[in-house]
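Colleague: Please take a close look at one part of this model, the sheet, and describe what is attached to it and what lies around it. A connected account would suit me better than a list.

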Amino acid sequence: MYDKFRIALVFAGEHALRNIIPALEKCPAISIAGIYFRTPSKYKLDKYPVYSNYIDALQDNDVDCIYI
């Protein structure tokens, strides 16, 4: 068996919440490592870690891929 491919979403917004995140959640080979929102106070998401800035997502050693 293999580990899940860990993805961080950067500059996520409504489209990511409605379409991208639900699609990624259905894929058994992918896990969401964290999300960066430009305006985090606009979105409520307790399920995943939220990065305070996009540089944190880029420098996260546990992330295999960045989705912009």
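Modeller: F11 is a convenient place to enter, and its relative accessible area of 35% makes it partly exposed. The model is a predicted one, and what follows should be read on that basis. F11 belongs to strand β1. Its phi is near 60°, which is a positive value in a residue other than glycine. As a general rule, most residues other than glycine have a negative phi. The backbone at F11 is therefore one place to check in the model, given that positive phi near 60°.

Strand β1 covers residues 5-12 and pairs with β2 in the parallel sense, over 7 bridges. One residue pair fixes the register on that side: A8 has G34 in β2 as its bridge partner. β1 is also joined to strand β3, residues 65-67, by 3 bridges, and these two strands run parallel as well. Here the register can be read from L9, whose bridge partner in β3 is Y67.

Put together, the strands make an open sheet of 3 strands in the order β2-β1-β3, with parallel pairing. The edges are held by β2 and β3; each has a single partner strand, so one side of each has no neighbour in the sheet. On average, neighbouring strands of this sheet are turned by 25° against each other, with direction ignored. In general, the strands of a sheet pair through backbone hydrogen bonds, either parallel or antiparallel.

An edge position in the sheet does not settle how much of a strand is covered. For β2, 8 of the 8 residues are buried, so this strand is largely enclosed by the rest of the structure. In β3, by contrast, one can look at C65, which is found in that strand. C65 counts as partly exposed, at 29% relative accessibility. The C-alpha atoms of C65 and A33 are separated by 9.5 Å, although the two residues are 32 apart along the chain.

The connection between the two longer-paired strands goes through a helix: β1, α1 and β2 make a right-handed β-α-β unit. Helix α1 spans residues 14-26, and E14 and R18 lie 4 residues apart in it, which means a separation of about one helical turn. Their side chains meet in a salt bridge at 3.7 Å, N to O. E14 counts as partly exposed at 38% relative accessibility, while R18 counts as exposed at 55%.

The structure holds 2 salt bridges, and the other one also starts from this helix. The side chains of E25 and K47 meet at 3.2 Å, N to O. E25 lies in helix α1 and K47 in the loop between β2 (30-37) and α2 (54-59), so this pair ties together parts that are 22 residues apart in sequence. E25 is partly exposed, with a relative accessible area of 37%, and K47 is exposed, with 59%.

That leaves the surface to which F11 contributes. F11, Y54, I55, L58 and I68 form a nonpolar patch there, with about 500 Å² of accessible area together. Helix α2 supplies the largest share of the patch, 3 residues. I55 has its place in helix α2 and is partly exposed, with a relative accessible area of 34%. F11, the entry point of this account, therefore joins strand β1 to the description of the patch, being partly exposed at 35%.

Conventions:
Residues are numbered from 1 along each chain as its sequence is written. This is a predicted model: local features need pLDDT of at least 70, side-chain atom pairs count only at pLDDT 80 or more; totals for chains, interfaces and linings use all residues. Side-chain values use heavy atoms; hydrogens and water are left out. A salt bridge is a side-chain nitrogen of Lys or Arg within 4 Å of a carboxyl oxygen of Asp or Glu. Buried means under 20% relative accessible area, exposed over 50%, partly exposed in between (1.4 Å probe, protein chains only). Patches are made of residues with over 30% relative accessible area and no salt bridge: like charges are joined within 9 Å, nonpolar side chains (Val, Leu, Ile, Met, Phe, Trp, Tyr) within 5 Å. Accessible areas come from the Shrake-Rupley method with a 1.4 Å probe; for residues, only the protein chains shown count as cover. Two strands pair if DSSP finds at least two bridges between them. A crossover is right-handed if, with the strands pointing away from the viewer, the path from the first strand over the helix to the second runs clockwise. Axes are lines fitted to C-alpha atoms, for helices over the stretch in contact, and angles run from 0 to 180 degrees between N-to-C directions.
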